[in-house]
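Colleague: I should like to take a close look at one part of this protein, namely its charged pairs, and to see them in their setting. Please treat the matter in one connected account.

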Amino acid sequence: MSMTCKATIRLICEYLEGRLAPQVASEVQRHLGQCANCRTIFDAAALTLEVYFDREVESEETHHSLVA
């Protein structure tokens, strides 16, 4: 099975969340290792999720400290 760019891009979020079957995750990983364009999209998605979740946690912590 050869993963296309379109298929890889559609699966990036599920890959980052660990929700893909091992065989599919392996194909996504293989494609990302060979395709600089998809790797750029992957890196941006990973950074976006990291920033989003970090800010969400910070916002909750700030809210709790303001209420206390």
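How many salt bridges does the count come to?

Modeller: The count comes to three salt bridges. The model is a predicted one, and the fold in which these pairs sit should be set out before the pairs themselves. The protein has three helices and zero strands, so that its elements, read from the N terminus, run α-α-α. It holds 68 residues, of which 21% count as buried. Its accessible surface comes to about 5,200 Å², and carbon and sulfur atoms account for 56% of that area. Among contacts between residues at least 6 apart in sequence, 60% join residues at least 24 apart.

Confidence comes next. The average pLDDT of the protein is 84, and 78% of the residues score at least 70. Among the elements, helix 2 (residues 22–34) has the highest mean pLDDT, 96, whereas helix 3 (residues 36–67) has the lowest, 73. Over residues 57–68 the pLDDT is below 50, and beyond near neighbours in sequence this stretch has zero contacts in the model. Where pLDDT is low, the predicted coordinates should not be read in detail.

As to the pairs themselves, side chains of opposite charge can pair when their charged atoms come close. One of the three salt bridges joins Glu17 to Arg19, with the closest N and O atoms 2.6 Å apart. Glu17 is partly exposed, at 44% relative accessibility. Arg19 has a relative accessible area of 53% and counts as exposed, because the limit for that class is over 50%.

Another salt bridge lies in helix 2, where the side chains of Glu27 and Arg30 meet at 3.4 Å, N to O. Both residues belong to that helix and are three residues apart, about one turn of the helix. Glu27 is buried, with a relative accessible area of 14%, whereas Arg30 counts as partly exposed at 30%. Glu27 also has a neighbour from elsewhere in the sequence: its C-alpha atom is separated by 6.2 Å from that of Met3, a residue 24 places away along the chain.

In helix 3, the side chains of Asp43 and Arg39 form a salt bridge with an N to O distance of 3.3 Å. These two residues are four apart in helix 3, and therefore about one helical turn separates them. Asp43 is partly exposed, with a relative accessible area of 38%, and Arg39 is likewise partly exposed, at 37%.

The surroundings of these pairs include contacts between the helices. Thr8, in helix 1 (residues 5–16), is buried, with a relative accessible area of 0%. Leaving aside residues up to four places away in sequence, Thr8 touches Met3, Val28, His31, Leu32 and Cys38. Met3 thus appears among the contacts of Thr8 and also in the C-alpha pair with Glu27.

Helix 1 and helix 3 are linked through aromatic rings. A search of the whole structure finds one aromatic pair. Tyr15 and Phe42 form this pair, with 5.8 Å from centre to centre and 65° between the planes, in an edge-to-face arrangement. The pair links distant parts of the chain, since Tyr15 is in helix 1 and Phe42 is in helix 3, 27 residues apart. Phe42 counts as buried, at 10% relative accessibility.

The cysteines complete the account. A disulfide is a covalent bond between the sulfur atoms of two cysteines. The count of disulfides comes to zero. Cys35 is in no disulfide: the nearest cysteine sulfur, that of Cys38, is 3.7 Å away. The pair is left out of the count because a disulfide needs sulfur atoms within 2.5 Å. Cys35 is buried, at 14% relative accessibility, whereas Cys13 counts as partly exposed at 39%.

In brief, the salt bridges are Glu17 with Arg19, Glu27 with Arg30 and Asp43 with Arg39.

Key. Residues numbered from 1 in each chain as written. Predicted model: local features only at pLDDT ≥ 70, side-chain atom pairs only at ≥ 80, totals over all residues. Heavy atoms only, no water. Buried < 20%, exposed > 50% of the residue type's maximum accessible area, 1.4 Å probe, protein only. Contact = heavy atoms within 4.5 Å. Areas by Shrake-Rupley, 256 points an atom, 1.4 Å probe, with all protein chains shown as cover. pLDDT = per-residue confidence, 0-100. Phe/Tyr/Trp six-rings, centres within 6.5 Å; stacked < 30°, edge-to-face > 60°. Salt bridge = Lys/Arg side-chain N within 4 Å of Asp/Glu carboxyl O.
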